[in-house]
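Hi everyone, thanks for making time. I'd like to walk you through a structure that is new to most of you, so have a look at it first.

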Amino acid sequence: MKTFNTFLLLAICTFSSAQQKINFSYDAAGNQIVRALCLSGCSPAGKPAPEVKEMELVTEDDLLKFDKEDVISYYPNPVKEQLYVKWQLINDSRVSSIIVYGVSGQVLQNLSTKASSDNQIISFDQYPRGVYLVALNYTNGEQKTIKIIKQ
């Protein structure tokens, strides 16, 4: 019995001092491809630090703009129930209609605006969570699109 207790004590000490690690391997895109449990004798392998990429300065041409003088504001984004859109346009153009599209391109709402109107409230109550596009159609034929996230 004494030998068994000694053996049991030795086994507990040996296995309790073993480090248990989980090693992960990743592909170039950062997706986990291998997960391995290492009980003892593991080599310290970690994910190498990604290379730091040089970034170029953002120029004015890179930015998506409406018109230099047009001011279009919308909130909240992400939206829960209603989206408020307000605009101030130049060149005697106005927003003639607003169309809400689903991600797959289907028309969900088509709202016409009054000539004197400069804002619109769009209800998102009936739509599930996801990404939607709201297109503002101008009287001069232009169309500006904004991306809205529904929570």
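**A walk around strand S5**

Let's start with one pair: serine 97 stands opposite serine 112 in S6. Before I go on, this is a predicted model, where local features need pLDDT of at least 70, side-chain atom pairs count only at pLDDT 80 or more, and totals for chains, interfaces and linings use all residues. Residues are numbered from 1 along each chain as its sequence is written, and side-chain values use heavy atoms, leaving out hydrogens and water.

Okay, the overall picture. The protein chain has 1 helix and 9 strands (DSSP runs, H or I of at least four residues for helices, E of at least two for strands, numbered from the N terminus).

Back to S5. With S6 (residues 107-112), S5 runs antiparallel, joined by 5 bridges (strands pair if DSSP finds at least two bridges between them). The two form a hairpin with 5 residues between them, and glycine 105 in the turn has a positive phi of about 100°. S5 is also joined to S8, again antiparallel, by 6 bridges. There, isoleucine 99 has alanine 135 of S8 as its bridge partner.

So, why is S5 largely enclosed by the rest of the structure? Because 5 of its 7 residues are buried (under 20% relative accessible area, 1.4 Å probe, protein chains only).

Last, leucine 83. Leaving aside neighbours within four places in sequence, leucine 83 is in contact (heavy atoms within 4.5 Å) with residues including Tyr74, Ile122, Phe124 and Val134.

Terms used: Buried means under 20% relative accessible area, exposed over 50%, partly exposed in between (1.4 Å probe, protein chains only).
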